[in-house]
Amino acid sequence: MTQSSITSPHARQEPTPTTLHGQTLEDAYRWMRDKSSPELIAYLEAENAYTKSVMAPTEALQAKLYAEMLSHIKETDVSVPFRDRGWFYYVRTVEGRQYPIHCRRLGTGEKFDESQPEEIVLDVNQLAEGQPFMAVGGMTVSPDGFMLAYSTDNTGFRQYTLHVRDLRTGKDLPDTAERVGSIGWAADSKTLFYTTEDEVTKRHDHVFRHRLGDSAAQDVVVYEEKDERFNVGVDKTRDGKYLLMELGSHTTSEWWFLSADTPEGEFHLIAPRVEEQEYGVDHRHGLFYIRTNDVGKNFRVVTAPVESPGRESWKELIALDPEAPLEGFDVFESFCVSSRRRMGLPTLTLTEFVAGDMLGESREIRFPEPVYSAGTHANPEFETERFRYSYQSLVSPASVYEVDVRTGDSTLLKQQEVPGGFDPALYGSERVWAEAADGVKIPVSVVYRRDSFKRDSNNPLYIYGYGSYGYPLPIGFSASRLSLLDRGVVIAYAHIRGGGEMGDSWHDAGKMMAKRNTFSDFIAVTEQLVAKGYGAKDRVAIEGGSAGGLLMGAVVNQRPDLFRVVLSHVPFVDVMNTMLDASLPLTVAEYEEWGNPNEAEAFEYMLSYSPYDNLTVGDYPAMLVKTSLNDSQVMYWEPAKYVAKLRTLKTNDTPLLLHINMDAGHGGASGRYDYLKEIAFDYAFLLRELGVEG
C-alpha cells in the first residue's frame, strides 16, 4: 500500500435506528445528511485531503495519462451540419475552451453553404464564465428560426433555469422560469410549453404555457400530474403538426396531443394509462404511429386516426417480433425506421411507405464488426429521402452516415479523427458469452491491444458493469481508453441482466425481486473471463457508477476475494435508507425498479443486497469511491457514509479513498478538460493498484 503523509479520516458515529417489519436498521452516519453542517464539510474536505495525499506519488502518471488522452483528441473540431427549416446547425469545439459552441448557417437549398455567415446560436463557454459548473439542459429553436429556448444548470444539481434568446440580436429576453425540464414551441413561435419539477422530490409534475413577453407568474398551468410515480414531458411530432404531452412512470405511459396551430386549446388524450403498458407517439398524414408493448414486451407498431386515437382504433402496422425487441420507431413522410436488437446488438431497418400508409420494401443496414453501437442521428426534417445514423465500435471511432432511402446506399459523412498515432488495426474486439448460475447466457464485449494479448491469463483485466433501468451498455469508441489498452489492460463490458441489451425481459430479469441476478451475473462473467485466460486472477479491476455503483458494492460484499481494484462512481449504496425516504428525489418513482421496502417481502429482499447494510469485518479490495456534493440523483451522503462505515470494518491495508467534487453533480466535472483530468486520476489509481508500469 502507498503510504500517506496524513492518516485516514474517521467520522463521528451517532447511531440512529429505524425499525420496520420487526427489524432495526442502525445508521451511525445519518448526521451527514445535513449539507449545511460545518462538521460535514470539514469531514469531506479531510477525505479529499487524504485522497490527495495517497495519490500524490501518482501525480506524474496522472499528468502523463492526461497528456496522452489529450493527444488523441482533435481539440478544434466541428460536427456534421444537419438541416432544419432552411438552416444548417452544427457544433464547434475550440482548442483550450472547455465547452461546445452551437452554430448555424443559412442553407442554399438542401446544401450546406460555408460561404454563408456563421451565426452563434449558443456559446456555452460564455455561459460558463465565472461558474465552476455549467450544463445546458434543453435547447430548441422556434419554428420561425428567430428564438432559442434553452435551460442551464450552474451547480450540477440538475436544477435548470429557462432562458429565451432572440437570435437576431443575440440577447436574452426577460422571459424566464425556474426548475424547468422539457421545452416545446407552438407553431406561432410566440408560445412556449415547458415542464417544472417539484421543489423537494424533483419530480416533473406540471406543464405550463408561456407567451413571450409575459412574466412567469402569468404562465398558465396546462396540466398537473398527481401520481408520484409519474413524470411529465412535452415534445412535438416530427412533422411539426402536434404538440405532445407524455406522462410516464418506469413501466406505464400516457400521451396527450394538441394542434401546434392552436396553443391555447385543450390537449386531447390518445389512450388512457394502463398499468405495465407503455407507448410512444408520432404523426404522419392524419395517423398517429404508436410503438407499444400492449401485447408483449418486445413492442409492436400500430396506427390510429387523429379523430379517434384510442385503443379501440389501433390497427397493427408492424407485428411484435419475439426474437428482436423494437427499441425505437421513427416516422418520416415517405419512410420509417425500426430500431431493434438482435442477440443484444442494434439493427436499423428502413421501410418505404406505399399506397398511403402501407409498408413496402425494407432494407436492413448492415454493420461489419462483431461488437458495435449504432442508432439514429440528427434527423429533424419530416420531408426527406435521406436518413442519418451513427456507428462506432470498441475499435472504430464514432462515424455519421447518410443513407439514400431509395437506393439503400450509405455515405460516410464524418468519422471522428483520432490524432496522436492511433491505428485501429492494433486493436481487436470480441463478443463472448458467460453462463450465469441459472444457465442463462450473458453477452460480454471485450477489447484489447493485439500485440499485448495472448489469452494466457497474464493481462490485467478491467470489467465495467451497470445492469439497471433497462439501459443497454453503449459499446462505443473511447480515445481515453487507449491509455489502458496500450499498457496491456484487457477491457470487458458485462451486459448483465437488469440492463436492456435483450429487451424488456432482460430488464425484468434483473430488477425488483430478481435484482440479485444482476450481481450473480457479474460475478459469473468475472470468473469465466479469468478462467478463459482473458486476465490474471489477481489483477482484476472493476468499475460502475450510480446504479452500477450499487453493483460494485454488492459484488464486493459477496466476493471481495475476486477483485483487486474497484472504481465506484456516485454509487447508490445506501439502498434501504434512501428507498425508505419518500421525500428524496427519485424514491417513489423507483419503487418500480427496486421495490417498496414498506412492504415486508420487498424489505427483506432489498436488505439482503443493500451494500451499506451488508458491510462486514474482513479484507476488501483497493477502492476509489467518487461523488459530487451537488448530486441530485444519488446524494453525496451515500458514498460518504459507505466509506466511513467501511473504514471501521476493513482489516487489510488496501487503499480506501473517497473523492468529492465540491462543485459538480451526478456526471462529475462539466468542462471537457476537467473531465479528462478526472479520468486520468481514476486510471492512475487503477494502474498503480494493478501493478502496471506507467
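Let us start with Arg 449, which is buried, with a relative accessible area of 18%. The side chain of this arginine meets that of Asp 451 in a salt bridge, with an N to O distance of 2.8 Å. Its partner sits in another setting: Asp 451 counts as exposed, at 53% relative accessibility. Please keep in mind that this is a predicted model.

**Salt bridges**

The structure holds 51 salt bridges. Three of them are set out here for easy reference.

| Acidic residue | Basic residue | N to O distance |
|---|---|---|
| Asp 27 | Arg 30 | 3.5 Å |
| Glu 68 | Arg 487 | 2.7 Å |
| Asp 451 | Arg 449 | 2.8 Å |

What links Glu 68 to Arg 487? Their side chains meet in a salt bridge at 2.7 Å, N to O. The pair ties together distant parts of the chain, 419 residues apart. Glu 68 belongs to helix α2 (residues 59-71), while Arg 487 lies in the loop between α4 (482-485) and β35 (490-494). As for solvent contact, Glu 68 is partly exposed, with 23% relative accessibility, whereas Arg 487 is buried, with a relative accessible area of 16%. Arg 487 gets that label because its 16% is under the 20% limit for buried residues.

Now to the bridge between Asp 27 and Arg 30, whose side chains meet at 3.5 Å, N to O. Is Asp 27 buried or exposed? Asp 27 counts as buried, at 1% relative accessibility. Arg 30, on the other side of the bridge, is partly exposed, with a relative accessible area of 26%. Which residues join these two in a network of salt bridges? Asp 574 and Lys 641 do: together with Asp 27 and Arg 30 they are linked in such a network.

**The second largest pocket**

If you are interested in open space, have a look at the second largest pocket, which holds about 1400 Å³. Its lining is made up of 47 residues. Which of them lie nearest the centre of the pocket? They are Asp 84, Asp 235, Lys 236, Arg 238 and Pro 380.

Strand β24 (residues 326-331) supplies the largest share of this lining, with five residues. Sorted by class, the lining of the second largest pocket has 26 nonpolar residues, along with nine polar and twelve charged ones.

How values were computed: Residues numbered from 1 in each chain as written. Predicted model: local features only at pLDDT ≥ 70, side-chain atom pairs only at ≥ 80, totals over all residues. Heavy atoms only, no water. 1 Å grid on protein atoms, 1.4 Å probe; cavity = no way out; pocket = protein on both sides within 12 Å on 5 of 7 lines; lining within 4 Å. Points joined across faces, edges and corners; volume = space filled by probe spheres on them. Helix = DSSP H or I, 4+ residues; strand = E, 2+ residues; numbered from the N terminus. Nonpolar A, V, L, I, M, F, W, Y, C, P; charged D, E, K, R; others polar. Salt bridge = Lys/Arg side-chain N within 4 Å of Asp/Glu carboxyl O. Buried < 20%, exposed > 50% of the residue type's maximum accessible area, 1.4 Å probe, protein only.
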